[in-house]
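Me: I have a model open and want to learn to read it feature by feature. Where should I begin?

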Amino acid sequence: MEFSRNNSRQLLSKIATNDGHGENSPYFDGWKAYDSNPFHPTQNPHGVIQMGLAENQLCFDLIEKWILENPDASICTAEGVDKFRDIAIFQDYHGLKELERRYLLLQGVAKFMGRIGGNRVTFDPNRIVMSGGATGANETVMFCLADPGDAFLVPSPYYAGFARDLRWRTGMDIVPVDCESWNNFRITRAALEEAYEKAQRSNINIKGVIIANPSNPLGTVLDKDTMRSLISFINDKSIHLVCDEIYAATVFGSPRFTSIAEIIQDMDCDRDLIHIVYSLSKDMGSLTQFLLAAMLNDEEFVGNFLRESSKRLAKRHNVFTKGLERVGISSLKSHAGLFFWMDMRPLLKEQTVKAEIELWRVIINKVKLNVSPGSSFQCSEPGWFRVCFANMDDETVEVALERIREFVLQGKEKNHSSEKSKHWKNQNLRLSFSSSRLYDESLISPHMMSPHSPIPRSPLVRARN
Ligand SMILES: Cc1ncc(COP(=O)(O)O)c(C=O)c1O
């Protein structure tokens, strides 16, 4: 008998099928472009280089070495397999059930967070709640602090994933606080007040402010005065402050990173309004709790890892930014994160988001680099691009730089005559895209996806009914 489905019935929930997942943006389109044509030095040398993923591959060798030297920290080795039965059974939602091991892990995380904050503040392991990464933690925090229809202020430019993680399932909203390049995108009290008052006039209930410090996409850290001013702002309004400190250990220059936890030590404020989100994914990748408990408590390893990691990040950042400077491309001065904020304003046909997206299309389709346009981070000024620099090997860096160099030089040559320049720009910028969406998801088959693309593996994003 043939199965027939009544198509008028809504099979999936409204959340699964609505368009609020925030992934309709060039930030995610760039990942798809990479996935459908990934660069490989020999097998696909003309493919797209992934520079849109804030991933840190520079110290994997240190982690691998530690794992080999500590086989009993993994249940997948002869030395550690006898722990399998303890781990395989039901685990408490708060983390590993095996109490001793759980405490060891929380203690390890607390010590690690204290250490990357320069040991100027200590964290109480009993006040740490575990979740599956900062993505889940940020969403959970929003579920706890905001009701559907409420909003959080988010200084822009901000991490493109916030549009999805904070809003999609919670039903809360984001109100951007516009920050600008004239003062290095500083978060000012005036900008916060303006966004807050504007929201109030529109009857939007602001429940808090969420920031990433160090910033994604800027790669800069917040100064103490800005943090103090943020704290007094949220205190005066009796709203929350969520500090996503996921990049705390990526600082490779000065000034050093200061955790919000350090600032509130000397401030008279309501500490219940302040929440810190932290994740190890930017430093150590995805390790299991069991393994982490042992690794984070190995003080010597952690010390060496942190030193070496910031040294390697500094070196790579330098190679990239100096390489770009040589062809006349500048970037916001930064010293944290796994990316920097590249200034392509001089290459825009006009200072609009439309022109920024046109330039981005040229970069991804002709130059074959996946960098993310500032508009996907809600930057109020067109022409800025986020460039990730830690997720590739040295050879790929050279290929990427060479491509940018060629692209810029080609533009400059053609720029000699203004008539020609017009022609060059029009020719390149008017690419073959008639629709504003670059890629049709349904055209990309799962086997083509790189393991680095969270999108295609999310069944909800593809859900239609
Ligand atoms: C500011 C920020 N928060 C959270 C995340 C997601 O963290 P996780 O991989 O731990 O879920 C990212 C990832 O890029 C990020 O940049």
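Reply: Begin with contacts far apart in sequence. This is a predicted model. Leaving out residues up to four places away in sequence, C388 touches M51, G52, L53, A54, L338 and F339.

Me: Which residues touch the most other members of the largest nonpolar core?
Reply: That core has 114 residues. F152, L153, M342, V387 and C388 touch the most other members.

Me: Take M342. Where does M342 lie, and is M342 buried or exposed?
Reply: M342 lies in strand β8. The cut-off for buried is 20 or more other C-beta atoms within 10 Å. M342 counts as buried because it has 23 C-beta neighbours inside 10 Å. Beyond four places in sequence, M342 is in contact with L324, I329, S331, W384, F385 and V387. M342 and V387 are 45 residues apart along the chain, yet their C-alpha atoms are separated by 6.8 Å.

Me: How do I read the sheet that holds β8?
Reply: Start with the general idea. Strands of a sheet pair through backbone hydrogen bonds, either parallel or antiparallel. Here the order is β7-β8-β11-β10, an open sheet of four strands with antiparallel pairing. β7 (330-331) and β10 stand at the edges with a single partner strand each, so one side of each has no neighbour in the sheet. Five bridges join β8 (residues 339-343) to β11 (residues 384-388). F340 stands opposite V387 in β11.

Me: What is the strand order in the five-stranded sheet?
Reply: The order is β3-β2-β4-β5-β6, and the sheet is open with parallel pairing. β3 (173-178) and β6 (274-277) are the edge strands; each has a single partner strand, so one side of each is left without a neighbour in the sheet. The twist averages 25° from one strand to the next.

Me: How many bridges join β4 to β5, and over how many do β5 and β6 pair?
Reply: Five bridges join β4 (residues 206-212) to β5 (residues 240-244). β5 and β6 pair over four bridges. Follow D244 across the strands. A212 stands opposite D244 in β5. D244 in turn stands opposite V277 in β6.

Me: What about the two faces of a strand?
Reply: In a regular strand the side chains alternate between the two faces of the sheet. In β6, I274 and I276 are on one side, with H275 and V277 on the other. These four residues are all buried, and both faces of β6 are covered.

Me: Which helices lie across this sheet?
Reply: α6 lies across β4, β5 and β6, running at about 160° to β6. α8 (residues 189-201) lies across β2 (151-156), β3 and β4. Its angle to β3 is about 140°.

Me: Which residues surround the ligand?
Reply: They are A54, G133, A134, T135, Y159, G161, A212, N216, D244, I246, S279 and S281. Helix α6 (residues 133-145) gives the most to this shell, with three residues. By class, the shell has five nonpolar, six polar and one charged residues. Two of the names have come up before: A212 and D244, which stand opposite each other.

Me: How do I spot unusual backbone?
Reply: Most residues other than glycine have a negative phi, and most peptide bonds are trans. Look for exceptions. The bond from S156 to P157 is cis, with omega near 0°. P157 lies in the loop between β2 and α7 (162-165). Another cis bond joins N216 and P217, with omega about 20°. P217 is in the loop between β4 and α9 (224-237). N216 is one of the residues around the ligand.

Me: And where is phi positive?
Reply: Take N203 and Q378. Phi of N203 is near 60°, and phi of Q378 is near 60°. N203 sits in the loop between α8 and β4. Q378 sits in the loop between β10 and β11.

Me: Why is N203 classed as exposed, and why is Q378 classed as buried?
Reply: Count the neighbours. N203 is exposed because it has 7 other C-beta atoms within 10 Å. Q378 is buried because it has 21.

How values were computed
Residues are numbered from 1 along each chain as its sequence is written. This is a predicted model: local features need pLDDT of at least 70, side-chain atom pairs count only at pLDDT 80 or more; totals for chains, interfaces and linings use all residues. A residue is near a molecule or strand if its C-beta atom, placed from the backbone, lies within 6 Å of it. Ala, Val, Leu, Ile, Met, Phe, Trp, Tyr, Cys and Pro count as nonpolar, Asp, Glu, Lys and Arg as charged, and the others, Gly among them, as polar. A nonpolar core is a set of buried Ala, Val, Leu, Ile, Met, Phe, Trp, Tyr and Cys residues joined through C-beta atoms within 7 Å. A residue is buried if 20 or more other C-beta atoms lie within 10 Å of its own, exposed if 12 or fewer, and partly exposed in between; C-beta atoms are placed from the backbone. Two residues are in contact if their C-beta atoms, placed from the backbone, lie within 7 Å. Two strands pair if DSSP finds at least two bridges between them. Axes are lines fitted to C-alpha atoms, for helices over the stretch in contact, and angles run from 0 to 180 degrees between N-to-C directions.
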